[in-house]
Amino acid sequence: MEGSNGGGVVKHILLAKFKDGIPADQINQLIKQYANLVNLIEPMKSFHWGENVSIENFHQGFTHVFESTFDSTEGIAEYIDHPAHVEYANTLLPQLEKVLVIDYKPEKVSP
């Protein structure tokens with residue numbers, strides 16, 4: 001396990017439930033804008049997303065998952081403060097009924 005510094009891969013997970021009545025094409029456009037942040041914000045190394053497909057009933061209403069990868073916690077801090085992220089967040093967040101964000105460092109289990 002790495003020390004208390006912010007180095008090492010960090011995953012930024014956003015769970016979302018869009019407000020009822022938002023058209024699918026608007027949601028798709030918001031997702032494309034989110035994906036484009038990887039081209040605008042250098043510390044953001046990758047972006048993946050998907051819709052909930054679980055057959056378990058533990059999703060608590062969340063319908064979409066967005067995952068971004070960074071090289072460090074400092075990279076996430078730079079991303080959060082970046083003007084392109086701030087502008088996008090101000091567009092996305094009012095469209096969401098629920099949101100949950102978690103950042104974590106993936107760990108491997110030692111045998």
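Two strands pair if DSSP finds at least two bridges between them. The strands themselves (E, at least two residues) and the helices (H or I, at least four) are DSSP runs, numbered from the N terminus. What you're looking at is a predicted model, where local features need pLDDT of at least 70 and side-chain atom pairs count only at pLDDT 80 or more, while totals for chains, interfaces and linings use all residues. Residues are numbered from 1 along each chain as its sequence is written, and side-chain values use heavy atoms, leaving out hydrogens and water.

Let's start with β1. Eight bridges tie β1 to β4, and the two run antiparallel. Look for F18, which stands opposite L96 in β4. β1 is also joined to strand β3 (residues 64-72) by eight bridges, again antiparallel. Here L15 has V65 of β3 as its bridge partner.

Now hop over to helix α3 (residues 83-92). A84, H85, Y88, A89 and L92 are buried there, meaning under 20% relative accessible area (over 50% is exposed, in between is partly exposed; 1.4 Å probe, protein chains only). They sit on the same side of α3 because they cover an arc of only 130° around the axis, going by the directions from the helix axis to the C-beta atoms. Flip to the face turned away from that buried side and you'll meet the exposed residues P83, E87 and N90. What covers the buried residues? The cover includes β1 (7-18), α1, α2 (73-81) and β4 (96-104), with contact meaning heavy atoms within 4.5 Å.

Last stop: N28, in helix α1 (residues 24-40). N28 counts as partly exposed because its relative accessibility is 41%.
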